[in-house]
Amino acid sequence: MAIPSDILFKIDCQLGEQTFTVGAVPGGNRVVAMMHGGSFEGPRLSGTVASGGDWAVVRADGTLEADVRVVLKTSDDALIYLRYSGVIVEMPKAMAAVKQGRTVGPDEVYFRVAARFETAAPQHAWLNNTLAVGIGSLTTTGVSYEFHAVK
């Protein structure tokens with residue numbers, strides 16, 4: 001049985017030049033990458049990426065464990081806190097392709113995340129009880145996702 005879902009939005013997140021390499025931690029190599037912009041568009045909401053970052057761990061097997069927090073600003077000026085975690089399998093191979101100027105899509109890399117939302121905006125309060133799954137791509141400027149709300 002397929003899991004029923006509705007498209008929530010597509011988002012492009014631009015990663016900044018500044019990253020912090022914490023180094024070897026018990027789970028792997030901790031790297032923090034900050035976001036410096038982006039936008040999202042969907043049937044019920046759209047806007048920009050106000051701020052965010054990924055507190056990732058790259059495991060010994062090359063899998064990246066994403067730990068992301070983002071503040072979204074909607075076109076109606078509401079703020080939404082988005083947090084998600086997931087995995088990018090074979091990250092070094094995918095990054096090599098990105099460094100060659102290619103976008104690496106879901107047909108080339110397993111990049112999946114699970115997301116939750118928080119907002120005080122009444123018009124978007126439905127997000128507070130929404131679980132979303134995202135399918136990601138690596139781009140030359142950051143990452144992009146297609147998020148689906150699980151019904």
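User: In this predicted model, in which loop is Ala120 found?

Analyst: Ala120 is found in the loop between E6 and E7. With a relative accessibility of 76%, Ala120 counts as exposed, because exposed means over 50%. The C-alpha atom of Ala120 is separated by 7.8 Å from that of Ile80, although these two residues are 40 residues apart along the chain.

User: How should I read the two faces of a strand, and which residues of E5 lie on its covered face?

Analyst: The general idea is that in a regular strand the side chains alternate between the two faces of the sheet. In strand E5, which spans residues 79-88, the covered face has Ile80, Leu82, Tyr84, Gly86 and Ile88, whereas the uncovered face has Leu79, Tyr81, Arg83, Ser85 and Val87.

User: What is the sense of the pairing between E4 and E5, and how many bridges join them?

Analyst: Strand E4, residues 64-74, runs antiparallel to E5, and 10 bridges join the two strands. To follow one bridge in the structure, start at Leu64, whose bridge partner in E5 is Ile88. On the other side of the pairing list, E5 also pairs with strand E6, residues 111-119, in the antiparallel sense over nine bridges. Here you can start at Tyr81, whose bridge partner in E6 is Glu118.

User: In what order do the strands close into a barrel?

Analyst: Eight strands close into the barrel in the order E1-E2-E3-E4-E5-E6-E7-E8, and the pairing is antiparallel. Neighbouring strands of this sheet are turned against each other by 30 degrees on average, when direction is ignored. As a further pair to trace, strand E1 (residues 5-25) and strand E2 (residues 28-41) are joined in the antiparallel sense over 12 bridges, and Gln14 stands opposite Gly37 in E2. Helix H1, residues 91-99, packs on the sheet, where it touches E4, E5 and strand E7 (132-138), and the direction of H1 makes about 55 degrees with that of E7.

User: How do I read a positive phi, and which sign does phi have at Asp77?

Analyst: The general idea is that most residues other than glycine have a negative phi. Asp77 has a positive phi of about 70 degrees although it is not a glycine. Asp77 belongs to the hairpin of E4 and E5, which has four residues between the strands. Asp77 counts as exposed because its relative accessibility is 57% and the cut-off for exposed is over 50%.

User: Where is Glu90 found, and what is its phi?

Analyst: Glu90 is found in the loop between E5 and H1, and although Glu90 is not a glycine, it has a positive phi of about 60 degrees. Its relative accessibility is 44%, so Glu90 counts as partly exposed, a class that lies between 20% and 50%.

User: How many residues line the largest pocket, and which lie nearest its centre?

Analyst: The largest pocket is lined by 28 residues, and Leu15, Thr19, Ala33, Met91 and Met95 lie nearest its centre. About 700 Å³ of space lies in this pocket. A useful way to read a lining is to ask which elements supply it and which classes of residue it has. At least two residues of the lining come from each of E1, E2, strand E3 (46-58), E4, E5, H1 and strand E8 (142-150), and H1 gives the largest share, five residues. By class, the lining has 19 nonpolar, six polar and three charged residues.

Notes: Residues are numbered from 1 along each chain as its sequence is written. This is a predicted model: local features need pLDDT of at least 70, side-chain atom pairs count only at pLDDT 80 or more; totals for chains, interfaces and linings use all residues. Side-chain values use heavy atoms; hydrogens and water are left out. Buried means under 20% relative accessible area, exposed over 50%, partly exposed in between (1.4 Å probe, protein chains only). Two strands pair if DSSP finds at least two bridges between them. Axes are lines fitted to C-alpha atoms, for helices over the stretch in contact, and angles run from 0 to 180 degrees between N-to-C directions. Contact means heavy atoms within 4.5 Å. On a 1 Å grid over the protein atoms alone, a cavity is a set of points where a 1.4 Å probe fits but cannot get out, and a pocket is an open set with protein on both sides within 12 Å along at least five of seven lines; lining residues have an atom within 4 Å of a point. Grid points are joined across faces, edges and corners, and a volume is the space filled by probe spheres set on the points. Ala, Val, Leu, Ile, Met, Phe, Trp, Tyr, Cys and Pro count as nonpolar, Asp, Glu, Lys and Arg as charged, and the others, Gly among them, as polar.
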